[in-house]
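Q: Please take a close look at one part of this model, the metal site, and then place it among the elements around it.

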Amino acid sequence: MDFGKIEEKWQERWEKAHLFEANPDSRPKYYLTVAYPYPNAPQHIGHARTYTLADVHARYMRMKGNNTLLPMAFHYTGTPILAMSKRVVSGDEELINIMKDLYGVPAEVLKMFNDPVNIARFFHRDLKLGMKEMGYSIDWRREFTTIDPTYSKFIEWQFHRLSSKGLITKGAHPIGWCPSCRNPVGQHDTLHDVEPEIDEFTAIKFDLDGVSIPTATLRPETIFGVTNIWVNPEAKYVEIEVKGERMIVGSRGAEKLRGQMAEVSMIRELSGSELIGKYVTNPVNCKKIPVLPAGFVDPDNATGIVMSVPAHAPYDLLALKDLKNNSGELSKYGIADAVSSVVPVPVVTMRPSSQSESTSSPPDSEIPAQEVVNRLKVKDQFDPKAEEATKELYQKEFHTARMRPDTGRYAGMPVSKAKDIVKKDLVSAGKAFPFYEIINGPVYCRCGSEVIVNLLSDQWFINYGDESWKEVVRGYLKEMSLVPEELRQEFINVVEWLKEKACARRSGLGTPLPWDKDWIIESLSDSTIYMAYYTISRVIHEKCVDASLLDDAAFNYIFLGEGDPAALKINSSTAEEMRKEFLYFYPLDSRHSGRDLVPNHLTFFIFNHLAIFPRALWPKQIAVNGSVLMDGKKMSKSMGNIIPLRKAITIYGADTLRVSILSASELLQDADFSDSLARSVRSKLQEFFCFSTQYAGAEMLDSYKGSLEAIDRWLLSRVQNAISQATCSMECLRAREAIQTAFYSLQQDILWYLRRSEESGAKARSIIKYVVETIIKIMAPFAPHMCEELWEAFGHEGFVSAAAWPEVNSSLIDISAEVSEDFLKGAVGDTAEIVKVTGLAPTKIFYYVSPSWKWDIYLKLLSLLDQGSDPKALIRDAMKDPAVRARGAESAKFISSISQCAVSMSKDQRTKLLSSERLDELACLKTASQFLSRYFKCQVEAYSSESPAYDPKGRAGSSSPLRPAIYVEGSPCSE
Ligand SMILES: [Zn+2]
């Protein structure tokens, strides 16, 4: 079979039939979207995972009878495309080679990349072709780009709405900033797509003869316990002047201050060692404390100088201990006396504040850092466990400790509260200033410069820190469907830490901020509610609606029902059509995305919907998937292990890729793609295709309904099982599980059926046809092209993509047939194992089935478990039954031999056994004896173990229900 030809054929037919175009009608609707792509590179296999899962979801919902809409657009907004264009213009070899070799951009097209829009258009076309070649069931009539004038009007409306609700703010806020591009930097602007995380430190100023030594800390409340400050003697420091004040900081610290404060002028450079041994003054208590050397101080981190609180900071405690033992350092700097006089001063305590405490020098047990260092056995400041000790103590003290009585007006205050108050007091007294630092750094801009923190004074923000907005989001998050469920906590955490988000840039493609046209709305801010725009974009295209007609009044009517449609600039019937279409498809039923968008896009998506639309139109679900690895490694340009999607389609075919990517792992795990995986999936699809076409001409099953044998009923019952399991898997988007159940397990069942059924006549062919058609329907969302081809071969009119998802036919469920066949399969497996272990060529096989008293006990145990009996008390509970007790020791021995097996049985299996008639094992084996003889190529006998006609080795007694005792006679194998 030629995958390529089949795929092309069906993609054409779908398009001709307008199969995936969804218009409002009387059917229930299902509306899902997936994050639109940036057209700045071709998509690769990693991108295909999210899009394929969304398409599979759409196809499934369509087969379930929903009028399903999956639209697509292209996100031109932002600076990456602009930056790329600049790099091409400047002749950047690396990028030009990637464009030519990896992306296949022809030389004449590359020449036009001086215009960033041409870059976007080129990759837009490439991405769209890739999506079509993958067979995605997209309604392309709704396609748009984010620089379309009509879309810009929509974004203007969104920003006016946010602004009217007071959610847009302007001011000085710390943001990630590229000093070369002179632009704010978010996740999409960085080299490895990392969101710069900014934390606010407090830089407390210690005085050294009129020069400030700022030390940055996250625990300003511990200022009362500072015993010394740390400087790295090997590092370079600078003396600078900041707003008329002289300061000493690490050399990178000066650049950082420049981003965050006004003027910084350089006075001189100095070495850290120059400061060692000097004394500085603590601004809160005027105590003189020494400056000491420490290797753990990173001069590039924050101000490059650290205050030492050995009672509460394990690193400080360890560094002091290390220094005390380092006689070389002590004599080199002449600091032996200074070091020996340092005593840890505790500041906070876990004890309830009511207890009185002494303020004199406390014992070891009162030094929390000492306690945790001892307990975790941390050796020195370079021991990785020092980090663990620090985190643990920080958490514990933050949540439970209070300030000690000797901390003045802060005494008795919880640490979580004192922290903020101490900081506020120090800052307003001019003894400290806020210092912002990127805590997951170094983070690099796509241009290569290291990202720093900038306090922009006239920056525009969407205020995700607004408490009342957060409260609404918190409430709605509780009821929103999140797939998989374990994401909920991740979202809750993001909502908590989210603050103002810079929403506009000085450059880039996109929509200018409507009230301040020097700013362009950035990409994570113009992509939060565009799902609503898809519902009207078809009408905009078909009626050629001019952007100038789409003012705020028009959108207020279309999306919010406000105002009179007759009073709009736009034709009222057009406006009404858009409103109708929006109300039909909204709310959004499911939003698909990769996991990396949880902390930004997906959370912004929730916030903005809740702020702008009425409650009934809020999105119902978010579905998130993990990423794709290539041969177990992360895909990256530098590793050279990226396969562009369209190239992969020509190598493997779209259906193979779709099934490979989705069967490689469950939702949140990384899917490991490899050439061998794709090859194996392709051959499985091919085998299925060839096998199933043999049954295309078989008669319908209905003609044989009256003459079904046990084995027929077994297979048909297995199919019902598979339908219900696969449906359940699809409801939670567990694609791997659905493929496993419907494709792999059912084919195994067909093979078993072919072995077991005595004849391969017309009836068997009909039954297999029924199974195969069920597989085709369940696999249609995953391998739609192959399934369409088979559907046609089986003589069906219309598309399998539009066929009904299979439903369980309860009249075909036959639990007794399943129990009996499971039993036989188990017996065959056990026998084969014995034959293998003994190495005999069997001449005769004997089975001994359990007597009815063993079955009585067995079922008793299962029903006890079903009623919720404690597995540990199972034997005792069972022995309460007089009938069981009557057999005394024999019962007890038997129970203990099988109780483990009963306990570990799945609930499904247990229910099956309890709800079906008791299995007649002897009859089952006798009926199957011909099959067993054929299978093992020897004679087969079955006896009740109570009166076996032949049992030379006394095996009969070891039988248990569903596990007959087996005895094999044979000759040593000749091979
Ligand atoms: Zn840059």
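Is C445 buried or exposed, and what surrounds the site to which this residue belongs?

A: The model is predicted. C445 is buried, with a relative accessible area of 5%; the cut-off for this class is under 20%.

C445 is one of the protein donors of the zinc ion, and its SG atom shares that role with the SG atoms of C178, C181 and C447. These donors lie 2.2 to 2.3 Å from the metal. The angles among the four donor atoms run from 105 to 114 degrees, and the site is tetrahedral. Tetrahedral here requires that all angles lie between 85 and 135 degrees, so the range of 105 to 114 degrees satisfies the criterion. Along the chain, the donors follow the spacing C-x2-C-x263-C-x1-C.

C447 has a relative accessibility of 40% and counts as partly exposed, whereas C445 is buried at 5%. Another cysteine, C938, is also buried, with 9% relative accessibility. The structure holds zero disulfides.

The donor C178 leads to a sheet. C178 stands opposite N183 in β4. Strand β3, residues 168-178, runs antiparallel to β4 and is joined to it by two bridges. Both strands belong to an open sheet of four strands in the order β4-β3-β17-β19, with antiparallel pairing. The edges are formed by β4 (183-184) and β19 (500-502); each has a single partner strand, so one side of each is left without a neighbour in the sheet. Strands of a sheet pair through backbone hydrogen bonds, either parallel or antiparallel.

A further strand to consider is β16, residues 432-438, in which six of seven residues are buried. This strand pairs with β5 (residues 198-208) in the antiparallel sense, over seven bridges. Within this pair, F201 stands opposite F435 in β16. In a regular strand the side chains alternate between the two faces of the sheet.

Elsewhere in the model, H75 is found in the loop between β2 (67-69) and α3 (80-89). H75 has a relative accessible area of 3% and is buried. Its side chain makes a polar contact of 2.9 Å with the side chain of D526. A polar atom of the H75 side chain also lies 3.4 Å from the backbone oxygen of S523. Leaving aside neighbours within four places in sequence, H75 is in contact with residues including Y36, P37, Y38, P39 and T146, as well as S523, D526 and S527.

Helix α3, which bounds the loop of H75, has the buried residues P80, I81, L82, M84, S85 and V88. These buried residues pack against α4 (93-102), α5 (107-110) and α6 (116-133). After α3 comes G91, whose phi is positive, near 80 degrees.

One last position is Q489, in helix α16 (residues 488-497). Q489 is partly exposed, with a relative accessible area of 47%. Q489 and L477 are 12 residues apart in sequence, and their C-alpha atoms are 9.9 Å apart in space.

To return to the site, the zinc ion has C445 among its donors, and C445 is buried, while the donor C447 is partly exposed.

How values were computed: Residues are numbered from 1 along each chain as its sequence is written. This is a predicted model: local features need pLDDT of at least 70, side-chain atom pairs count only at pLDDT 80 or more; totals for chains, interfaces and linings use all residues. Side-chain values use heavy atoms; hydrogens and water are left out. Buried means under 20% relative accessible area, exposed over 50%, partly exposed in between (1.4 Å probe, protein chains only). Two strands pair if DSSP finds at least two bridges between them. A disulfide is a pair of cysteine sulfur atoms within 2.5 Å. A polar contact is a pair of N or O atoms within 3.5 Å; within protein, one must be able to donate a hydrogen and the other to accept it, and residues adjacent in sequence count only if both atoms are side-chain atoms. Contact means heavy atoms within 4.5 Å. Donors are N, O and S atoms within 2.8 Å of the metal (3.2 Å for Na, K and Ca); water is not among the atoms, so sites may look incomplete. Four donors count as tetrahedral if all angles lie between 85 and 135 degrees; four count as square planar and six as octahedral if opposite donors are over 155 degrees apart and all others between 65 and 115; anything else is irregular.
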